[in-house]
Amino acid sequence: MAMTRPRQATELARMENLVKVFRTPKGSLVACDHISLRLEQGTSLGLVGESGSGKTTLVRILLMLERPTSGRVWLNGVEVTRLSERRLKPHRRLIQFVAQDPYSSLFPNLTVGQNIMEPLRVHKVGRAQERMQRAMELMERVGLSTYHFYAYPHELSGGQQQRVAIARALALSPQAVVLDEAVSSLDVSVQAQILNLLQQLKDEMGLTYLFISHNLAVIRLLCEMTAVMYMGRIVEYGKTDDVLHSPSHPYTRSLIASIPSFTDRGVTPLPDLSSLAGERPSPLRLPPGCAYQTRCPLVSERCRAERPELREVASGQCVACHHA
């Protein structure tokens, strides 16, 4: 009897050794520093880190909205790093984007239906009637009444606007969706509704997410893998459960420890986070060695002299720390 081979994961996107440097009047700012990541079908990736860590820049490079200073990007097995806009256009259908602020991401002068149909029009998919039918189907799928088809974005609530943005992202039947803090601007009760919708769409449509968030609970809900960024570098990467339950990098530990927990007695007091006592260095003047050295309780002379490389410390879990 022939043995059945395990199903190989399909690589949707790959970023290899990406560097992005912005030139400013005060010097060079390295937003992404030699980052390599893979996005595989059926395995959603969470990207966490404080503001200014380079998360959004990395995503913009993946979507080819920014060109990297060096490094390469593959979409569906095709290197797209240096493709012209015309040759890049077909590959954009693979990965779509949902922004943090739904209202600013929608066209205010277009109706809800026109907003959802816009990607179909740009990519010349279907006829006018078919596009309208597709838009109405997507509205129902994301929990919007077709009554809003001719409404304008400003007439909707924030949660409804984000549902429109999600429907628009799904119009071209992408394999992956990038969500940049997609629920952080919504009310807490609405956040839960949108997260439930995203989980439902992920299961029903086989979607893969790249989710940027400060909320580790959101990452735990939607993502199987997690990458932690600090000052333009990946400092920890692995399965979400492993990263959240057994963090190896001091920065990851401080992020998790700073989450307040709610009990019958109220909110538990936050611990004394000595790992966050120092100042974050200026991205224009990073110190030699480890960028986290100014805030790390484990700092040593080696940390000040030698920059730690991302290395495997457990099965599938990698960390950039000399003391991990």
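L29 is found in strand β2, which runs over residues 27-40 of this predicted model. Is L29 buried or partly exposed? Its relative accessibility comes to 24%, so L29 counts as partly exposed; the cut-off for being buried is under 20%. Setting aside neighbours within four places in sequence, L29 is in contact with K20, V21, F22, P283 and L284. One of these partners, L284, sits 255 residues away along the chain, yet the C-alpha atoms of L29 and L284 are separated by just 5.1 Å.

That kind of long-range pairing shows up in the overall numbers too. Among contacts between residues at least 6 apart in sequence, 60% join residues at least 24 apart. The protein as a whole has 11 helices and 14 strands. How does the radius of gyration fit with a compact globule? For 324 residues, such a globule would come out near 20 Å, and the protein has 21 Å, which agrees. Along the principal axes, the C-alpha trace spans about 65 × 65 × 55 Å.

As for the surface, 47% of the 324 residues count as buried. The protein exposes about 16600 Å², and carbon and sulfur atoms supply 51% of that area. On the charge side, there are 38 positive and 30 negative charges, and their mean positions are 7 Å apart.

An unreviewed UniProt entry carries the annotation "domain: ABC transporter" for residues 13-256. In the model, that span is 39% helix and 27% strand, and its end C-alpha atoms lie 28 Å apart.

Back to single residues, and to L75 in strand β4, which covers residues 70-75. With 5% relative accessibility, L75 counts as buried, since the cut-off is under 20%. Which residues does L75 touch, not counting those up to four places away in sequence? The list is L12, A13, L62, V80, H91, L94 and I95. The C-alpha atoms of L75 and R14 are separated by 6.7 Å, although the two residues are 61 apart along the chain.

Strand β1, made of residues 11-24, holds N17. The backbone does something worth a look here: phi of N17 is near 55°, a positive value in a residue other than glycine. N17 has 39% relative accessibility and therefore counts as partly exposed.

K124 also has a positive phi, near 55°, and is likewise not a glycine. Where does K124 lie? It is in the loop between α4 (112-122) and α5 (128-141). K124 has a relative accessible area of 72%, so this loop residue is exposed.

The helix before that loop paints another picture. Eight of the 11 residues of α4 are buried, so α4 is largely enclosed by the rest of the structure. The buried ones are V112, G113, N115, I116, M117, E118, P119 and L120. What do they pack against? The buried residues of α4 pack against α5 and α6, the latter being residues 158-170. In an α-helix there are 3.6 residues a turn, so residues three or four places apart point the same way. Right after this enclosed helix, the chain moves on to K124 with its positive phi.

Definitions and conventions
Residues are numbered from 1 along each chain as its sequence is written. This is a predicted model: local features need pLDDT of at least 70, side-chain atom pairs count only at pLDDT 80 or more; totals for chains, interfaces and linings use all residues. Side-chain values use heavy atoms; hydrogens and water are left out. Helices (H or I, at least four residues) and strands (E, at least two) are DSSP runs, numbered from the N terminus. The radius of gyration is taken over C-alpha atoms; the globule rule is 2.2 Å times the number of residues to the power 0.38. Buried means under 20% relative accessible area, exposed over 50%, partly exposed in between (1.4 Å probe, protein chains only). Contact means heavy atoms within 4.5 Å. Accessible areas come from the Shrake-Rupley method with a 1.4 Å probe; for residues, only the protein chains shown count as cover. Lys and Arg count as positive and Asp and Glu as negative; His and the chain ends are not counted. The place of a charge is taken as NZ of Lys, CZ of Arg, CG of Asp or CD of Glu. UniProt positions are given in the numbering used here, feature names are shortened, and annotations may be inferred rather than shown by experiment.
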